[in-house]
Amino acid sequence: RVRSFVLILNYVIAYSSFRFLVEFWRGDQIRGVQGGWISNSQIISLIMISASILIYLVIKYCNEKKEK
């Protein structure tokens, strides 16, 4: 059960990272740009990456605590 959840987290991290990079190559301004260089989609991607890493670390900590 934990393995499948970690697999989902890995997918979210990979997808968000890819999406963040793709947004640099898209030239449209319709999406909205914050601070002149980062789009709203990139901000969402960074939030998703950060949240996924945080959840992964919490799962890892809980599993290590259970093993002791």
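How many helices and strands make up the secondary structure of the chain? In this predicted model, the chain comes to 2 helices and 2 strands. Read from the N terminus, the elements follow the order α-β-β-α. Of the 68 residues in the chain, 22% are buried. Contacts that span a long stretch of sequence are well worth a look here: among those between residues at least 6 apart in sequence, 52% join residues at least 24 apart.

The packing of the two helices comes next. Helix H1 covers residues 2-25 and helix H2 covers residues 40-67. Their axes come within 9 Å and cross at roughly 155°. Because of that angle, H1 is roughly antiparallel to H2, the cut-off for this label being over 145 degrees. The handedness of the crossing of H1 and H2 is left-handed.

Which residues bring the two helices into contact? On the H1 side, the contact is made by Val2, Phe5, Val6, Leu9, Val12, Ile13, Ser16, Ser17, Arg19, Phe20, Glu23 and Phe24. Facing them from H2 are Ser41, Gln42, Ser45, Leu46, Met48, Ile49, Ser52, Ile53, Ile55, Tyr56, Ile59 and Asn63. Sorted by character, the residues of this contact comprise 15 nonpolar, 7 polar and 2 charged.

Three serines of H2 give a helpful view of this contact from the H2 side. Ser41 is found in helix H2 and, with a relative accessibility of 15%, counts as buried. Ser41 and Arg19 are 22 residues apart along the chain, yet their C-alpha atoms are separated by 7.9 Å. Ser45, also placed in helix H2, has a relative accessibility of 3% and therefore counts as buried, the limit for that class being under 20%. With residues up to four places away in sequence not counted, Ser45 touches Ser16, Arg19 and Phe20. Arg19 thus appears twice in this part of the picture, as a contact of Ser45 and as the partner of Ser41 in the C-alpha separation of 7.9 Å.

Further along, Ser52 lies in helix H2. Is Ser52 buried or exposed? Its relative accessible area is 5%, so Ser52 is buried. Apart from residues up to four places away in sequence, Ser52 touches Leu9, Val12 and Ile13. Asn10 can be located relative to Ser52 as well: the two are 42 residues apart along the chain, with their C-alpha atoms separated by 7.9 Å.

Attention now turns to Phe24, which is found in helix H1. Phe24 has a relative accessible area of 44% and is partly exposed. What does Phe24 contact once its neighbours within four places in sequence are left aside? The partners are Trp37 and Gln42. Gln42 belongs to the H2 residues that meet H1. Trp37, for its part, is 13 residues from Phe24 in sequence and 8.7 Å from Phe24 in space, taken from C-alpha to C-alpha.

Aromatic rings close the account. The structure holds 1 aromatic pair. The rings in question belong to Tyr11 and Tyr15, with centres 6.2 Å apart and planes at 20°, so the pair is stacked; planes under 30 degrees apart receive that label. Why are these two tyrosines separated by about one helical turn? Tyr11 and Tyr15 sit 4 residues apart in helix H1, which means a spacing of about one helical turn. The two partners can also be described by their accessibility. Tyr11 is exposed, with a relative accessible area of 57%, whereas Tyr15 counts as partly exposed at 37% relative accessibility.

How values were computed. Residues are numbered from 1 along each chain as its sequence is written. This is a predicted model: local features need pLDDT of at least 70, side-chain atom pairs count only at pLDDT 80 or more; totals for chains, interfaces and linings use all residues. Side-chain values use heavy atoms; hydrogens and water are left out. Axes are lines fitted to C-alpha atoms, for helices over the stretch in contact, and angles run from 0 to 180 degrees between N-to-C directions. Angles under 35 degrees count as roughly parallel, over 145 as roughly antiparallel, 65 to 115 as roughly perpendicular and the rest as oblique. A crossing is left-handed if the near helix is turned anticlockwise from the far one by less than a right angle, and right-handed if clockwise. Contact means heavy atoms within 4.5 Å. Ala, Val, Leu, Ile, Met, Phe, Trp, Tyr, Cys and Pro count as nonpolar, Asp, Glu, Lys and Arg as charged, and the others, Gly among them, as polar. Rings of Phe, Tyr and Trp (its six-membered ring) pair if their centres lie within 6.5 Å; planes under 30 degrees apart count as stacked, over 60 as edge-to-face and the rest as tilted. Buried means under 20% relative accessible area, exposed over 50%, partly exposed in between (1.4 Å probe, protein chains only).
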